[in-house]
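Visitor: I should like to take a close look at one part of this model, namely a sheet and what packs against it. Please describe how its strands are joined and how the surroundings are arranged.

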Amino acid sequence: MSHSPSTALSHAELARTGAIAFAGSPIDRSDHIRTNADALAGVMNWRAKVLLLDGLLPQIDDAGGLLWGTLADVAEDAELVFLGMLEEKACFAAVPDDGATGPAYAMPRAWQAIQQLSPPDLAIYGGARSLVDWHARHRFCAKCGGGTKPAKGGWQRDCGACGAQHFPRTDPVTIMLVENEAIKGGSLLLGRQPRFPPRAFSALAGFVEPGETIEEAVAREVHEEAGLRVRDVQYIATQPWPFPSQLMIGCYSRTDETDITLDVEELEEARWFSREEVAEAMATIGSEEGPFNAPPKAAIAHSLLKWWLEKPA
């Protein structure tokens, strides 16, 4: 999988400036504190902050930012996870009663918050959401079925019955652009799933399966969903995606094939779009104009399309 140091650096800078949503959290994860029971107890004081959530949704303050409280704002028996240190204050979040029950597109209130929060707040919320959601869905041991309890500041759960240790998981997902440079001077393959909003198209995506590389996952997913064989897989950027907890691995690939064979179980439609069509769609996001509805700015697919438009043809 080819990439250059300059490309990697530019996308690291994008993450820090908030161009890739949910990346660039200002919180210091402070592993040396969460793995030390005495140190963790020492920061649980009157200066500590608790991220206030409504279930898995963020609460918003009057200025449009995340709403923080103190340890006094949570129940005494609440499971707390240590998010890290911010401005010399320990930051925590409480585990909700229930975890996620549906995909991101079925959460309109979450999408409203995403559009409202600043990039640093969005990154803090995304990390906290993924972590507390994992805790809410893993209260029982996968090995013996016994009850589990948080350990190491919430970055582990231990089974009291068999002693098994469980750790927060992140699922890798490839999301890829596919270009055929011979079609109209360079065209991009985009698809739409049945659950997408009307006229919405995005990059193809799929989970990395056990025993395969990122390059193999890209090739397999594109062939399964569109019947195309790709080459020259290139890494572009990654994005943490907290619905519930995925790492989106943005890639670019090329193909010499043009005929699409659609997997109707996965996609409702897939089409080739010219550079002009993609540019028009990106310039008219949120309107009914343009050839299709481009991905929102919070999605890494938006960043990938922007990268493609800016790269030399």
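Guide: Strands β1 (residues 49-51) and β6 (residues 89-94) run parallel and are joined by three bridges. Within this pairing, Lys49 has Cys91 of β6 as its bridge partner. The model is a predicted one, and the description that follows should be read accordingly.

The two strands belong to an open sheet of four strands, in the order β4-β1-β6-β5, whose pairing is mixed. At the edges stand β4 (68-69) and β5 (80-86), each of which pairs on one side only. Helix α5 (residues 119-136) packs on this sheet and touches β1, β4, β5 and β6. The direction of α5 makes about 160 degrees with that of β5.

Helix α5 also leads to a further sheet, for it lies across β7, β8 and β9 and runs at about 10 degrees to β8. These three strands form an open sheet in the order β7-β8-β9, with antiparallel pairing. Because β7 (148-151) and β9 (165-166) stand at the edges with a single partner strand each, one side of each has no neighbour in the sheet. Four bridges join β7 to β8 (residues 156-159), and the two strands run antiparallel. Ala151 stands opposite Gln156 in β8.

Beyond the sheets, a packing of two helices deserves attention. Helix α7 (residues 275-283) packs with helix α8 (residues 300-310) at an angle of about 130 degrees, and their axes are 10 Å apart. That angle makes α7 oblique to α8. The crossing of the two helices is left-handed. On the α7 side the contact is made by Arg275, Val278, Ala279 and Met282, and on the α8 side by His302, Leu305, Lys306, Trp308 and Leu309. By character, the residues of this contact divide into six nonpolar, one polar and two charged.

Finally, there are the aromatic rings, of which the structure holds eight pairs. One of them is formed by Phe201 and Phe273, which meet edge-to-face at 5.2 Å centre to centre, with 70 degrees between the planes. This pair links distant parts of the chain, the two residues being 72 residues apart. Phe201 lies in the loop between β11 (187-192) and β12 (204-207), whereas Phe273 lies in strand β15 (residues 269-274).

Definitions and conventions. Residues are numbered from 1 along each chain as its sequence is written. This is a predicted model: local features need pLDDT of at least 70, side-chain atom pairs count only at pLDDT 80 or more; totals for chains, interfaces and linings use all residues. Side-chain values use heavy atoms; hydrogens and water are left out. Axes are lines fitted to C-alpha atoms, for helices over the stretch in contact, and angles run from 0 to 180 degrees between N-to-C directions. Angles under 35 degrees count as roughly parallel, over 145 as roughly antiparallel, 65 to 115 as roughly perpendicular and the rest as oblique. A crossing is left-handed if the near helix is turned anticlockwise from the far one by less than a right angle, and right-handed if clockwise. Contact means heavy atoms within 4.5 Å. Ala, Val, Leu, Ile, Met, Phe, Trp, Tyr, Cys and Pro count as nonpolar, Asp, Glu, Lys and Arg as charged, and the others, Gly among them, as polar. Two strands pair if DSSP finds at least two bridges between them. Rings of Phe, Tyr and Trp (its six-membered ring) pair if their centres lie within 6.5 Å; planes under 30 degrees apart count as stacked, over 60 as edge-to-face and the rest as tilted.
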